[in-house]
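Visitor: I should like to take a close look at one part of this structure, namely its salt bridges. Please set them in the context of the chain around them.

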Amino acid sequence: MRCGEAVSVHSSAHFGAGSGQIHLDDVACSGYESSITYCRHASSHNCGHHEDAGVTCSGDPQPSPTLTLISPHSTFSPGESVQFKCTFPRQNDMSLYFRLYKNGLLIKTQTAMSSTTFTLTVEASDQGQYSCHYSYRSIFSTSFRSNTVGITIVTLPTPRISLSTNKKVTWGERVDITCFLNTQYTGGTFNLKMGSGSVIQTKSGTFVTFSFPKVDFAHEGSYYCQYQTRVSSRDFSSPRSSSVDFTVIVNLLQPNISFSATDGGSHWGLQELEVTRGYSFTIICSTQPQYRGGSFHLEFRGSNITSISQPAVNHSATFFFHEADYDHQGNYSCVYEVTVSSRTFSSSNTELLAITVKASLAPFIGSGVGIGLLLILVPILIFIIWRCKRQKRQMDAKMVYKQRAVNTYDTSHGMNEMEEDEEDYENADVFQNNKDSNDSDEDYISIDEKVDKKPRTTVDNDYSGPHEMSFAGNELEEDEDDDYENVCMSEEGGVDMHADGEKCWLGSEFEDEDIYANVE
């Protein structure tokens, strides 16, 4: 009413009963209200104008204070400090009670001479309109309200984050991280940060996806999102999202192991591979194409544990063993190893390849073959020796009887009879008489004369035996045909003539060793 301070209060229509509508009933003011409407009162009335209240004022109105915002901006984030200053407009030597209101509700009271500063740590609920007033006493003499100052609390929700794959990501695969939030403050940007706080990528919008087309070991780690926006020339950041993390791995497929023996020195037993001692064999390690290069390790578990390494060529390696020995008997397996981005990875072991080395059957086979050949050759050698001895005896007999034999040609009594004949061949078998030939059953002397077309030859044969037979030489002509005569002379001196070189026999028995003497 701008009549100064209230000096006294009156009831029961002290200044006369009023008229018109009754607005408030059961009013109870504390003295800090800037308006009677702020006083507590009943929602409905049951009174009359004879109960009207009155007040006596001092007649000197108090000036209104001034409220200012000390901060340079009017937008704040939750948790920040906000300072309001309420100032009395005149010189004053008395203590004043300053009160700060938010949306008409008292939130804080401070005592000062001429001005005071209210400091608040604001939350999202502290956004609104603020005002102040003062008074000389705790209840009475309250000034009018100051001007109002509004503040805005920018509250950004916590973003959400998601990972497109599992926490273990294969090297070279694609990884997507999605960040999003619901807010009234659009037009901001998302920052994808690693656990150290360094910004990896930035994208505009409230729903964004950050991609790693080919993930590497440098990308593994922990990530979180944070949203940023600008309100009233001031930048605001959302709280950090939860974290997602992934590890980059190299998943190597299990390699394959195979066996090869080109010389046929191996076969499969009941449960394992059997290799003949002394034969060569090959073990091949291979894998599906995943990464370039690498190497294979052939691990051997036998009498001792060893490992042989060879570089991978076309995703395989060949381990050649020149001669199988008992030291090679055991279990074999392959391991593939590759280096990717300065890190080395190994595959799991292949299934075990069990190899047993057996003794070679070649010596036994060779011995058997040698014995068999010996059994075959001994009779042959015996037969050859017997044949050679037989031929030698025949040759010796031939030489003996050649000395006894005399080849004669056409022995005639006169030169005239010899001229009439072109050529005479005579084969004579001369035997000793019974007294001289008792040691032999039969003596055969075959005298075969064959005259080819050769120069004329004269043969003189003289023989002195028991019968004192004498033969003259025969002259052979080149144009004459060959004449053969077989003469067999028996032990008694009988002669049996057979043409065409038939055998001679004595009686009905043949001699054990036939003796042929061919005299040309």
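Guide: The account below begins with the chain as a whole, turns to the salt bridges, and then follows the neighbouring elements.

The model is a predicted one. Its protein chain has 2 helices and 33 strands. Of the 520 residues in the chain, 33% are buried. Among contacts between residues at least 6 apart in sequence, 65% join residues at least 24 apart. The chain exposes about 31,300 Å², and 49% of that area is supplied by carbon and sulfur atoms.

The structure holds 6 salt bridges. One of them joins arginine 234 to glutamate 80, with the closest N and O atoms 2.0 Å apart. Arginine 234 belongs to strand β18 (residues 234–237), whereas glutamate 80 sits in the loop between β4 (75–76) and β5 (81–87), so this pair ties together parts that are 154 residues apart in sequence. The two partners fall into separate accessibility classes: arginine 234, with a relative accessible area of 18%, is buried because the limit for that class is under 20%, while glutamate 80, with 22%, is partly exposed.

A second salt bridge joins arginine 301 and glutamate 299, whose closest N and O atoms are 3.7 Å apart. Arginine 301 is partly exposed, at 42% relative accessible area, and glutamate 299 is likewise partly exposed, at 22%. Strand β24 spans residues 295–301, and the loop between β23 (281–286) and β24 contains threonine 287. Threonine 287 counts as buried, with a relative accessibility of 9%. Setting aside residues up to four places away in sequence, threonine 287 touches Leu253, Pro255, Phe296, His315 and Tyr336.

A further salt bridge brings together the side chains of aspartate 176 and arginine 174, at 3.3 Å from N to O. Arginine 174 is partly exposed, its relative accessible area being 46%. The strand to consider next is β13, which covers residues 175–180 and pairs with β16 in the antiparallel sense over 6 bridges. Within this pairing, isoleucine 177 has phenylalanine 210 of β16 as its bridge partner.

Strand β13 is part of an open sheet of 3 strands, in the order β11-β13-β16 and with antiparallel pairing. The edges are formed by β11 (160–163) and β16 (207–212); each has a single partner strand, so one side of each is left without a neighbour in the sheet. From one strand to the next, the twist averages 15 degrees. In general terms, strands of a sheet pair through backbone hydrogen bonds, in either a parallel or an antiparallel sense.

A nonpolar surface patch offers a counterpart to these charged pairs. This patch, of about 950 Å², is made by Val369, Leu373, Ile376, Leu377, Ile380, Leu381, Phe383, Ile384, Ile385 and Trp386. One of its members, leucine 381, lies in helix α1, which runs over residues 362–404. Leucine 381 counts as partly exposed, at 49% relative accessibility.

To return to the request, the salt bridges described here include the pair of arginine 234 and glutamate 80, the pair of arginine 301 and glutamate 299, and the pair of aspartate 176 and arginine 174.

Terms used
Residues are numbered from 1 along each chain as its sequence is written. This is a predicted model: local features need pLDDT of at least 70, side-chain atom pairs count only at pLDDT 80 or more; totals for chains, interfaces and linings use all residues. Side-chain values use heavy atoms; hydrogens and water are left out. Two strands pair if DSSP finds at least two bridges between them. Helices (H or I, at least four residues) and strands (E, at least two) are DSSP runs, numbered from the N terminus. Axes are lines fitted to C-alpha atoms, for helices over the stretch in contact, and angles run from 0 to 180 degrees between N-to-C directions. A salt bridge is a side-chain nitrogen of Lys or Arg within 4 Å of a carboxyl oxygen of Asp or Glu. Buried means under 20% relative accessible area, exposed over 50%, partly exposed in between (1.4 Å probe, protein chains only). Patches are made of residues with over 30% relative accessible area and no salt bridge: like charges are joined within 9 Å, nonpolar side chains (Val, Leu, Ile, Met, Phe, Trp, Tyr) within 5 Å. Accessible areas come from the Shrake-Rupley method with a 1.4 Å probe; for residues, only the protein chains shown count as cover. Contact means heavy atoms within 4.5 Å.
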